[in-house]
Amino acid sequence: MSARAAAAPAPEPPSTRDVILDAAERCFADRGFAGVSMREISAEAGLKNQASLYHHFTDKRALYEAALARGVAPIVALMEESGGGWLDPAEVERNVDRLLDYLTAHPHLPRLIQRAGLDDSRALRSAVRTLLRPVYTHGIRLLERAVGPWEPADLPQLATGLYHLIFGYFANAALLEVIADEDPRSPAAVARQRRFLKAAVTQLLGVGAGTRRSG
């Protein structure tokens, strides 16, 4: 029998900046921008003092925008990479899998996005619009290729519906847990949601329906 294989190298620990962003994402998602202080984020990140936090981020707004930008960027990248991949059933399943895998690994992000839309600060609202608008515009471009019975005027509603189907599940996980008496973030619950989303998105986009909607 061959010698025992060497143990796989341990993954590199996250950088201090990523640890801070992880803590900020959780705190801002739970309590919003106004409801959390830099001191609380520093404590959540396990920092000895706030100096390290301010070394990476000049103020709370910079940290908030960085946390939101970091979370949204991979979603925009996925949408850009998928291109016309929402027109084939196998590609729909693959893209839903990629998106669900990402949201499962970052369960606080959908609630962070939800809270961002509720913040009443005009300065923050401008930043939020800049950071989140690409998700909407890329989504509309992808939906313009949909085969289903949708007219151009329907696409904003279709985009909104898909957003709530995918992101709303995680954003409202705490409420769903109370109602259903089950953790919606458990592997079994996410697996059921994954199957549902693949079927629902396929039907909503008219994938496999044959003739594409005329433009």
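What pattern does the protein chain follow when read along the sequence? In this predicted model, the succession of elements is α-α-α-α-α-α-α-α-α-α. The chain contains 10 helices and 0 strands. Of its 215 residues, 39% are buried. Contacts between residues at least 6 apart in sequence were also examined, and 71% of these join residues at least 24 apart.

The packing of helix α1 (16-31) was considered against two partners, α4 and α6. Two packed helices are described by the angle between their axes and the distance between the axes. For α1 and helix α4, which spans residues 60-82, the axes come within 9 Å and cross at roughly 90°. An angle of 65 to 115 degrees counts as roughly perpendicular, and α1 is therefore placed in that class relative to α4. On the α1 side, the contact is made by R17, D18, I20, L21, D22, A24, E25 and F28. The α4 side contributes K60, L63, Y64, A66, A67 and R70.

The second partner is helix α6 (residues 109-118), whose axis comes within 8 Å of that of α1 at a crossing angle of roughly 50°. This angle makes α1 oblique to α6. The crossing of α1 past α6 is left-handed. Residues E25, F28, A29, D30 and R31 of α1 meet L109, R111, L112 and R115 of α6. F28 thus appears in the contact with α6 and also in the contact with α4.

Aromatic pairing was examined next, and 5 aromatic pairs were counted. In one of these, the ring centres of F28 and F33 lie 6.0 Å apart with the planes at 20°, so the pair is classed as stacked. F28 has a relative accessible area of 0% and is buried. The corresponding value for F33 is 18%, which also places F33 among the buried residues because the limit is under 20%. F33 takes part in a further pair, with Y64, in which the centres are 5.3 Å apart and the planes stand at 80°, an edge-to-face arrangement. F33 is located in the loop between α1 and α2 (38-44), whereas Y64 belongs to helix α4; the pair therefore ties together parts that are 31 residues apart in sequence. Both F33 and Y64 are buried. Through ring pairs, F28, F33 and Y64 are linked into a cluster.

The ring of F33 is also approached by a charged group. The charged end of K60 sits over this ring, 4.4 Å from its centre. K60 is in addition one of the α4 residues that make the contact with α1, as is Y64.

Within helix α6, residue I113 was considered individually. I113 is buried, with a relative accessible area of 10%. The C-alpha atoms of I113 and F28 are 9.6 Å apart in space, although the two residues are separated by 85 residues in sequence. When neighbours within four places in sequence are left aside, the residues in contact with I113 are L68, V72, L132, Y163 and F167.

Notes:
Residues numbered from 1 in each chain as written. Predicted model: local features only at pLDDT ≥ 70, side-chain atom pairs only at ≥ 80, totals over all residues. Heavy atoms only, no water. Phe/Tyr/Trp six-rings, centres within 6.5 Å; stacked < 30°, edge-to-face > 60°. Buried < 20%, exposed > 50% of the residue type's maximum accessible area, 1.4 Å probe, protein only. Helix = DSSP H or I, 4+ residues; strand = E, 2+ residues; numbered from the N terminus. Lys NZ or Arg CZ within 6 Å of the ring centre and 35° of its normal. Axes fitted to C-alpha atoms, helices over the stretch in contact; angles between N-to-C directions. Parallel < 35°, antiparallel > 145°, perpendicular 65-115°, else oblique. Left-handed = near helix turned anticlockwise from the far one by under 90°. Contact = heavy atoms within 4.5 Å.
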